[in-house]
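Got the viewer open? Let's take a short walk through this one, picking selections as we go.

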Amino acid sequence: MVATLDKRSLGGQHFLQIPGPTNVPERVLRAIAQPTIDHRGPDFAEQTLDLLRHLGPVFGTSGPVVVYPSSGTGAWEAALVNTLSPGDRVLAFETGHFASLWRDMAAKLGLIVDFVPGDWRRGVDPGAVAEHLAADREHSIAAVMVVHNETSTGVTSRIPDIRAAIDGAGHPALLLVDTISSLGSIDYRHEEWGVDVTVSCSQKGLMLPPGLGFNAVSAKALDAAKSARLPTSYWDWEPIVAANEAGYYPYTPPTNLLYGLREALRILDEEGLPNVFARHDRHAEATRAAVRGWGLELLCADEREYSSALTAVLLGPEHDADKIRRLILERFDMSLGTGLGKLAGRVFRIGHLGALSDLTLAGTLCGVQMGLELAGVRIDHGGLRSALEILRAE
Ligand SMILES: Cc1ncc(COP(=O)(O)O)c(C=O)c1O
């Protein structure tokens, strides 16, 4: 990477402003660097019990949270194979690239997916949830799959309204929610919002490197798992939940990432989750102020669904968003998120989640503004000032 950098940008730290993996705090890196211990010994058990006690609150659950050595994709698969059977119908929504990938996975696993089309600028419409479930009089839909924060678009779906739509239809479907880019950044409450499986992973709001996948599981989902017939082995919740009771795992766990997770939970606890969410909201607001101030377009079309974790900026057809990203990387040593799937080349994404201070965001927006100017995008220079006013406010 260094070889492609303009010499002027050498020195100082790389700006990793993609919407995950995010910047890993020093404290977490130091925790990960502790010596690996015997995962069948008493110290490990004590640490795991302590970790699991502190993990639930981030999800808003007092129930089990299964931790896998996996990426988020693995945790997606775990949610499906533990709760569903071959030929089950699931309801999913085309909110963007990740919702489409999860749909593809469900279909590959032998599920029948009712995929409600979307324009990648909006979240899940609770009205559409109500409509589809009301039409399913035989209750053949076994689960509703929702991506809480679509990382490809910067759009956050309203889970409480979706839950209300399911309840309003009197439908027994399970609610499976992907919080991969929202957990620890955007308000989320597994239990209070009646979610059955919350899927997440380590490398976004939890400020860890990639490598841990999570399923927070409701009592209803645990019950569904007893009769679900999709094949499970590695992903099977049951032996993991059972081993966790004594502080162990049925396989060799990623001990050092678990050290990191414990430290990340301490950091979140010290700031306080409500303050963490408020910081993300404020950073997102400042970023949107910059984008609007520049005279550019936000991809998210509904202000009720603005993401506090990232902002996707839509460029006109005369610009190649990836060329601009490359220029910003080479000249200012900053990585921004690329346009995914059908948004390739049209969108760039500014990640503002995880460990991020006001000044880091100011530097990020400064780099974006300079990059846009150098790329010849006609912008209003007041964009950055509008963002700084929000960051500076008492
Ligand atoms: C919303 C969402 N779901 C799923 C995934 C897939 O996770 P992973 O790449 O860790 O497998 C991602 C990755 O960025 C994501 O943002």
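Before the first stop, a word on naming: helices here are DSSP runs of at least four residues, numbered from the N terminus. Keep in mind, too, that this is a predicted model.

**Stop one: the ligand.** Select the ligand and show what surrounds it. Among the residues there are Ser71, Trp76, Phe98, Asn149, Asp178 and Gln203. Helix 3 (residues 72-83) gives the largest share of this shell, three residues. By class, you'll find four nonpolar, six polar and two charged residues around the ligand.

Now look for ligand oxygen atoms. A polar side-chain atom of threonine 73 is 2.5 Å from one, and a polar side-chain atom of lysine 204 is 2.7 Å from one. Glycine 72 uses its backbone instead, with an N or O atom 2.8 Å from a ligand oxygen. On its own the ligand would expose 390 Å², and the protein buries 86% of that.

**Stop two: the aromatic pairs.** The structure has seven of them. Pick phenylalanine 59 and phenylalanine 214: their ring centres are 5.8 Å apart and the planes meet at 65 degrees, so this pair is edge-to-face. Phenylalanine 59 belongs to helix 2 (residues 42-59) and phenylalanine 214 to strand 10 (residues 212-217), 155 residues apart.

Next, go back to tryptophan 76 and add tryptophan 102. With centres 5.7 Å apart and planes at 10 degrees, these rings are stacked. Tryptophan 76 is buried at 4% relative accessible area, and tryptophan 102 is buried at 1%.

**Last stop.** Select arginine 103: its charged end sits over the ring of phenylalanine 115, 4.3 Å from the centre.

Technical notes. Residues numbered from 1 in each chain as written. Predicted model: local features only at pLDDT ≥ 70, side-chain atom pairs only at ≥ 80, totals over all residues. Heavy atoms only, no water. Near = heavy atom within 4 Å. Polar contact = N/O pair within 3.5 Å; in protein donor to acceptor, adjacent residues only side chain to side chain. Areas by Shrake-Rupley, 256 points an atom, 1.4 Å probe, with all protein chains shown as cover. Helix = DSSP H or I, 4+ residues; strand = E, 2+ residues; numbered from the N terminus. Nonpolar A, V, L, I, M, F, W, Y, C, P; charged D, E, K, R; others polar. Phe/Tyr/Trp six-rings, centres within 6.5 Å; stacked < 30°, edge-to-face > 60°. Buried < 20%, exposed > 50% of the residue type's maximum accessible area, 1.4 Å probe, protein only. Lys NZ or Arg CZ within 6 Å of the ring centre and 35° of its normal.
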